[in-house]
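Biologist: I'd like a close look at one part of this model before I plan anything around it. Could you walk me through it slowly and then show me how it fits with the rest?

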Amino acid sequence: MLSKHMLRNSTSGSPGLAGYADQVPKNVADREKWLSTNRDIRITPEVRTALEKWYGKDKGAQIKHVEAFEICEYGNSTKRSRSKEVISNATPLEPMKPIRKVAIIGGVRIPFVKSFKEYSRTSNQEMLTASVQATVSRFKMNGQLIGDVALGAILTFPSDWNLAREVVLGTDLDHRTPGFNLQRACGTSLEAVNLLALKIATGQIESAIAGGSDTNSDLPVVGPKSLGWKLIDIQNAEKFRRSSRKISKDPSERSEACDSRHS
């Protein structure tokens, strides 16, 4: 789809489309009427050249239909003037913004030790919190709101469902800093770095913290499913027995019990 901004402005990266400006009425009411009945744009050789410039030669050559739209359809219709930033975000055929370079500034880790020794009473959350807090202190991010935090571990407890956010809340970062968990065998930290680097490169966020943790010294002990099912059956049976005893009581006994409570 092509916005009328692109039809009217020959400097917007749309060679060959500026000639359609004469078709676009100046009056707002007339312009909206024109859009409702004259949205289709013929794909002339000039238009095809523009499409191939935006999408590349192969994809641009495959486009069969082009449509004009009013940029205000994507916002408050009372505001007819839109900034170039708004137009770029709302117009799919605008040239893409360049991908930003991303740098890893630094990192912190806790020491490696033998399994079942020094970390035998230390959870993934505690180790991650220590590492993230050390990172925050080293780079003077105390109290700062950063773009995102991605953390994860392979062997986790059910209570670790919100691991990254719990870690954030345990540090000196601004507590509004978002966080999300992820899990990839042998590659959790690297995957976290890749995901956040992509968000920075595309301009979604400015900075982030990525990391991961795993321990053999604080393993979640998991029993067979049959054990869980039996515990549920026992609980249900106990509820049934309590209900049965109440129902099976002699009416006079229930009456005496009521009288004793009210005496």
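Biologist: Here is the part I mean: is Phe 116 buried or exposed, and what is its relative accessible area?

Modeller: Phe 116 is exposed, with a relative accessible area of 57%. Keep in mind that what you're looking at is a predicted model. Exposed here means over 50% relative accessible area, so at 57% Phe 116 is past that cut-off. You'll find Phe 116 in the loop between helix H5 (84-90) and H6.

Phe 116 doesn't sit out there alone. Together with Leu 155 and Leu 219, Phe 116 makes a nonpolar surface patch of about 290 Å². Leu 155 comes from another loop, the one between strand E4 (148-152) and helix H7 (163-169). Unlike your Phe, Leu 155 counts as partly exposed, at 36% relative accessible area.

The backbone of Phe 116 deserves a look too. Most residues other than glycine have a negative phi. Phe 116, though not a glycine, has a positive phi of about 65 degrees. Cys 186 also has a positive phi, near 65 degrees, and is a residue other than glycine. Cys 186 belongs to the loop between strand E5 (180-182) and helix H8 (188-201), and with a relative accessibility of 87% it counts as exposed. Then there's Lys 140, just after H6, with a positive phi of about 55 degrees.

Now follow the chain on from your loop into H6, which covers residues 124-138. H6 has 15 residues, and at 1.5 Å a residue they should span 21 Å; the end C-alpha atoms are 21 Å apart, so the helix agrees with the expected length. Several H6 residues are buried, among them Asn 124, Met 127, Leu 128, Val 132 and Val 136. Polar ones are on that buried list as well, including Thr 129, Ser 131, Gln 133 and Thr 135. What covers the buried residues of H6 includes E4, H7 and strand E6 (208-210).

That brings us to the inside. The largest nonpolar core has 13 residues, and those with the most contacts inside it are Val 132, Val 149, Leu 151, Leu 173 and Ile 209. The elements giving two or more residues to this core are H6, E4 and H7. H7 supplies the largest share, four residues. So what does Ile 209 touch, leaving aside residues up to four places away in sequence? Its neighbours include Val 132 and Val 136, along with Met 141, Ile 146, Asp 148, Val 149, Ala 150, Leu 173 and Leu 196. There is also a second, separate core of six residues, which includes Ala 150, Ala 192, Ile 200 and Ile 205. Ala 150, then, is part of that second core and is touched by Ile 209.

Back to your loop for a moment, as charge plays a part there too. Side chains of opposite charge can pair when their charged atoms come close. The side chains of Arg 100 and Glu 206 do so in a salt bridge, at 3.1 Å from N to O. Arg 100 lies in the loop between H5 and H6, and Glu 206 in the loop between H8 and E6, so the pair ties together parts that are 106 residues apart in sequence. Arg 100 counts as partly exposed at 33% relative accessibility, while Glu 206 is exposed at 60%.

The count of salt bridges comes to six. Another one of them joins Asp 174 and Arg 176, at 2.8 Å from N to O. Asp 174 is buried, with a relative accessible area of 15%, whereas Arg 176 is exposed at 63%. Glu 191 and Arg 184 pair up as well, at 3.4 Å from N to O. Both ends of that pair are partly exposed: Glu 191 has a relative accessible area of 21% and Arg 184 has 45%.

Finally, here's the backdrop. The protein chain has 10 helices and six strands, and buried residues make up 28% of its 263 residues. Of the contacts with a separation of 6 or more, 64% are between residues 24 or more positions apart. The accessible surface comes to about 17600 Å², and 55% of that belongs to carbon and sulfur atoms.

Technical notes:
Residues are numbered from 1 along each chain as its sequence is written. This is a predicted model: local features need pLDDT of at least 70, side-chain atom pairs count only at pLDDT 80 or more; totals for chains, interfaces and linings use all residues. Side-chain values use heavy atoms; hydrogens and water are left out. Patches are made of residues with over 30% relative accessible area and no salt bridge: like charges are joined within 9 Å, nonpolar side chains (Val, Leu, Ile, Met, Phe, Trp, Tyr) within 5 Å. Accessible areas come from the Shrake-Rupley method with a 1.4 Å probe; for residues, only the protein chains shown count as cover. A salt bridge is a side-chain nitrogen of Lys or Arg within 4 Å of a carboxyl oxygen of Asp or Glu. Buried means under 20% relative accessible area, exposed over 50%, partly exposed in between (1.4 Å probe, protein chains only). A nonpolar core is a set of buried Ala, Val, Leu, Ile, Met, Phe, Trp, Tyr and Cys residues joined through side-chain atoms within 4.5 Å. Contact means heavy atoms within 4.5 Å. The expected span of a helix is 1.5 Å times one less than its number of residues.
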